[in-house]
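Hi everyone, thanks for making time today. Please bring the structure up on your screens, and let's walk through it together.

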Amino acid sequence: MKLSQTPNRVGIFAYYDADGTVDDYIPVLVGAVRPFCSYLLCVVNGELNEEGRQKLQAVSDELLLRPNEGLDITGYKEGLFHLKEKVLQADEVLFFNQTIFGPLTPLNGMFDEMNARDLDFWGLTKHKGLNADLTGTIWSKVEYGYLPPHIQSFFFAVRGNLLHAPVFWDYWEALPVIHDYMEAVSYHEVKFTKYFEDQGYRGEPYIDCTDWEQYTDYALMGMPAQTVQDKNCPFIKRKSFFTPRTAVLSVPQGGAGWQLYQLLVQRERKCLV
């Protein structure tokens, strides 16, 4: 399904902070997405102080505070069912969370392009997956036994036929209780793309990095500077700046975060000239 240039898009932003604060990058992120949504809900897992509440209220239509349970994926689910009446009348629902910085470029280009694509769901980026036996590994809860290619869950959208299909709502109803990050990835992020593609629905990422898959399976972490510079990616992952280079063996570029930092500094200097 293609969308008009002014679709009825519902946004669901999932947020958590251990101290209940809202860092300054959050209003920038949510505020940039807000103009592309007819209605935007901020789902907060846990507590929120008064200053944080005011920051989120300034860039959204509604706040939903819930217990800090189930991570961002369950926050998405709670927001989805909280807004079910609005969602059923919408052209698209957009899910995103706090794990990204940005935007680095205006978002109208991305939304215009994705509106024009004939899709049932889409996301910012896609992980190429891993065709290997996961038995006995940290990913043993992935039901397929391997990691299929998948659109990543920190920024993704669902539209049209899929959004209004019973199978979509059944999927969320059946979502298992999520206790940690590995379960969030195993039960939802790795599953969503293949699950719905197997039923005939079509999804694509905005940023196509298939030409780099011989170098990295996760370009936004493995080659973030190149993804921004060469692919015009509007967002970067926060963890580029604090994840140990040995934490993810499939992202071996130890200098990737430093390259990204240097690129951002260069861009800032050009803006100040």
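Let's begin with His188, which touches Ile73, Ser153, Phe156, Tyr171, Trp172, Leu175 and Glu183, leaving aside residues up to four places away in sequence. One thing to keep in mind as we go: this is a predicted model. You'll find His188 in helix H8, residues 181-197. Is His188 buried or exposed? His188 has a relative accessible area of 2%, and the cut-off for buried is under 20%, so His188 counts as buried.

Two of those contacts, Ile73 and Trp172, take us to a pair of helices. Ile73 belongs to H3 and Trp172 to H7, and they are among the residues where these helices meet. The axes of H3 (residues 71-82) and H7 (residues 166-173) come within 10 Å and cross at roughly 130°. That angle makes H3 oblique to H7. As for handedness, the crossing of H3 and H7 is left-handed.

Which residues do the meeting here? From H3 we have Ile73, Tyr76, Lys77, Leu80 and Phe81, and from H7 come Phe168, Trp169, Trp172 and Glu173. Sorted by class, this contact has seven nonpolar and two charged residues, with no polar ones.

Now let's turn to the sheet. It is open, has seven strands with mixed pairing, and its order reads E3-E2-E1-E4-E9-E6-E10. At the edges sit E3 (62-66) and E10 (203-205), each pairing on one side only. On average, neighbouring strands in this sheet are turned by 15° against each other, ignoring direction.

Find E4, residues 92-97, and have a look at how covered it is: six of its six residues are buried. In a regular strand, side chains alternate between the two faces of the sheet. In E4, Glu92, Leu94 and Phe96 point one way, while Val93, Phe95 and Asn97 point the other way, and all are buried.

What are the neighbours of E4 doing? E1 runs parallel to E4, joined by six bridges, and Val10 has Val93 as its bridge partner in E4. E9 runs antiparallel to E4, with five bridges between them, and there Phe96 stands opposite Phe155 in E9.

Moving along, E9 (residues 155-159) also pairs with E6 (residues 121-123), in the antiparallel sense over three bridges. Here Trp122 stands opposite Ala157 in E9.

One last stop: helix H2, residues 50-57, lies across E1 (9-15), E2 (39-45) and E3, and runs at about 140° to E3. Thanks for listening, and I'm happy to take questions!

Technical notes:
Residues are numbered from 1 along each chain as its sequence is written. This is a predicted model: local features need pLDDT of at least 70, side-chain atom pairs count only at pLDDT 80 or more; totals for chains, interfaces and linings use all residues. Side-chain values use heavy atoms; hydrogens and water are left out. Axes are lines fitted to C-alpha atoms, for helices over the stretch in contact, and angles run from 0 to 180 degrees between N-to-C directions. Helices (H or I, at least four residues) and strands (E, at least two) are DSSP runs, numbered from the N terminus. Angles under 35 degrees count as roughly parallel, over 145 as roughly antiparallel, 65 to 115 as roughly perpendicular and the rest as oblique. A crossing is left-handed if the near helix is turned anticlockwise from the far one by less than a right angle, and right-handed if clockwise. Contact means heavy atoms within 4.5 Å. Ala, Val, Leu, Ile, Met, Phe, Trp, Tyr, Cys and Pro count as nonpolar, Asp, Glu, Lys and Arg as charged, and the others, Gly among them, as polar. Two strands pair if DSSP finds at least two bridges between them. Buried means under 20% relative accessible area, exposed over 50%, partly exposed in between (1.4 Å probe, protein chains only).
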